[in-house]
Amino acid sequence: MDSDSLYRFSSILLLFSILSFADGGSIGVNYGRVADNLPSATKVVRLLKSQGLNRVKVYDADPAVLKSLVNSGIRVTVNLPNELLSAAASRKSFAFEWVQKNVAAYHPATAIEAIAVGNEVFVDTHNTTRFLIPAMYNIYGALTKYNLQNEVKISSPIALSALQNSYPSSAGAFRRELVDSVFKPMLQFLRKTGSSLMVNVYPFFAYESNADVISLDYALLRENPGVVDAGNGLRYLSLFDAQVDAVFAAMSALKYDDIPIIVTETGWPSKGDVNEVGASVENAAAYSGNLIRRVLTGTGTPLRPKANLTVYLFALFNENKKPGPTSERNFGLFYPDETKVYDIPFTIDGLKNKPKDKEIHPLPMNKGEQRISTAASGQMWCVANSMAAPEKLQLGLDFACGEGGADCHPIQPGSSCYDPNTLEAHASYAFNNYFQKQGRVMGSCHFGGAAYVVTQQPRYGGCALPFGN
């Protein structure tokens with residue numbers, strides 16, 4: 001099947017899944033409370049029920065919240081915060097007391113279905129990673145004492161930064177220093193207990209850093225030609241699917257193909273600072289609305305087409321006390337007065353009465369593109385900005401070598417441009433290869449500020465960056 005036929009076939013499958021409204025995944029919401037102006041927990045439960053949201057995840061085990069959820073029919077994921085991991089790991093008595101006080105005392109009247117042990121532990125500045133696995137086992141042991149181990153599952157949400165590679169999806173791999181110490185024992189625990197891996201997925205952050213090379217339609221789950229993964233031949237129609245499949249691929253590389261994924265956080269901000277590209281009400285509505293439609297209509301990911309995902313949107317409310325850039329306080333679906341930030345449905349019935357997002361957007365740059373004039377300025381190369389953050393360089397490198405289609409074989413071990421083995425050198429090679437393949441189109445050497453154009457041929461060790469397609 002040629003690429004055009006494959007695209008048409010993929011589009012037909014996607015359209016059929018949307019029209020059929022088959023039984024699909026599940027949508028939940030994160031109920032964060034870093035704010036001083038939120039409604040009472042009782043009002044929040046009424047709001048959730050009025051919107052058809054029957055799953056909620058909280059970031060602690062607050063008694064007022066758990067009491068308000070009694071007999072609500074809403075399934076709950078509670079959280080053992082990072083600051084309690086050390087105690088839970090070192091003292092079984094603490095784990096037992098925590099489970100008794102925060103789970104057994106409420107369940108089943110409050111339908112607690114899972115415990116998130118920690119949250120994005122690997123990026124926690126307090127170095128709590130070493131406590132994670134012992135804490136999970138001790139909490140599980142406490143659940144068994146109350147005979148709740150089959151009703152309440154245990155996992156720990158990870159950020160995508162836990163991956164060594166995420167582009168292309170087929171090359172997904174966990175960070176090497178975490179494989180033996182954390183991921184293998186964690187995945188073994190999840191398999192043993194019949195639990196899922198919890199993952200926080202944010203296409204917004206990838207788009208924000210690489211808006212010049214990642215299509216907005218691709219990031220917002222709008223109609224687009226898609227991106228073919230050179231490693232497995234699968235076509236991806238959204239960055240969300242690509243990020244989730246990178247985690248599936250990372251688990252598969254460790255021989256854990258049987259463990260499901262729950263997306264415990266994902267969202268798009270409705271407002272941001274000037275430099276937060278893409279943060280707007282329009283884009284937030286498109287992302288959340290299209291994601292809900294995609295999850296509820298029964299389609300899995302390209303790598304796991306039969307997987308029905310459970311996805312928790314971040315977040316229920318705008319939270320006015322969250323630190324950081326403006327976007328951090330504007331991920332909410334609702335304002336504190338319970339009015340919607342944007343109007344999207346959360347249920348299958350709501351989707352049937354809501355038209356699919358079909359807004360018209362600017363064409364890609366290859367329509368009416370502007371090229372840098374080599375006649376006027378000579379030959380051009382694209383190199384990494386040595387002042388850019390390593391995370392931004394790595395993100396650009398992953399994109400260029402993955403979805404960007406750059407030829408990165410020369411920077412693989414043993415190849416001609418592998419040495420010097422530095423992030424700057426490898427990123428420069430990848431950025432330049434992408435730049436040349438794009439015909440030196442203006443804007444194709446930016447990578448969110450991680451690259452710039454030079455007019456003298458760059459050389460890293462014995463590797464001179466090539467010019468031309």
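Modeller: The expected span of a helix is 1.5 Å times one less than its number of residues. Keep that in mind as we read this predicted model.

Colleague: Happy to! How far does helix 6 reach from its first C-alpha to its last?

Modeller: Helix 6 covers residues 132–145, which is 14 residues, and its span of 20 Å is close to the 20 Å expected. Just after this helix comes asparagine 147, with a positive phi near 55°.

Colleague: Which residues of helix 6 are buried?

Modeller: Start with the general idea: an α-helix has 3.6 residues a turn, so residues three or four places apart point the same way. Here the buried residues include Leu132, Ala135, Met136, Ile139, Tyr140 and Leu143. Ile133, Asn138 and Ala142 are also on the buried list.

Colleague: And what do those buried residues pack against?

Modeller: Among their partners are strand 3 (75–80), strand 4 (112–117), strand 5 (153–155) and helix 7 (176–193). Helix 4 (85–90) and helix 5 (92–104) belong to that group too.

Colleague: Let's turn to the strands, then. In which sense do strand 3 and strand 4 pair?

Modeller: They are parallel, with five bridges, and asparagine 79 stands opposite alanine 116 of strand 4. Strand 4 also runs parallel to strand 5, joined by three bridges; there, alanine 114 faces lysine 153. Between these two strands the chain passes through helix 6, making a right-handed β-α-β crossover. As for burial, six of the six residues of strand 4 are buried.

Colleague: Now the rings. How many aromatic pairs are there?

Modeller: The count is 21. Take tyrosine 202 and phenylalanine 331: their centres are 5.9 Å apart with 80° between the planes, and the pair is edge-to-face because that angle is over 60 degrees. The two residues are 129 apart, with tyrosine 202 in the loop between strand 9 and helix 8, and phenylalanine 331 in the loop between strand 13 and helix 12. Both tyrosine 202 and phenylalanine 331 are buried. They also belong to a cluster linked by ring pairs, along with Phe204, Phe205, Tyr207, Trp268, Tyr287 and Phe314.

Colleague: Which charged residue lies over the face of phenylalanine 96?

Modeller: Lysine 145, at 4.9 Å from the ring centre. Arginine 33 lies over tyrosine 31 in a similar way, at 5.8 Å from the ring centre.

Colleague: One last residue: why does glycine 231 count as exposed?

Modeller: Because its relative accessibility is 56%, and the cut-off for exposed is over 50%. Glycine 231 sits in the loop between strand 10 and strand 11. Its C-alpha is 9.0 Å from that of glycine 402, 171 residues away along the chain.

Conventions:
Residues numbered from 1 in each chain as written. Predicted model: local features only at pLDDT ≥ 70, side-chain atom pairs only at ≥ 80, totals over all residues. Heavy atoms only, no water. Phe/Tyr/Trp six-rings, centres within 6.5 Å; stacked < 30°, edge-to-face > 60°. Helix = DSSP H or I, 4+ residues; strand = E, 2+ residues; numbered from the N terminus. Buried < 20%, exposed > 50% of the residue type's maximum accessible area, 1.4 Å probe, protein only. Lys NZ or Arg CZ within 6 Å of the ring centre and 35° of its normal. Contact = heavy atoms within 4.5 Å. Pairing = 2+ DSSP bridges. Right-handed = clockwise from strand over helix to strand, strands pointing away.
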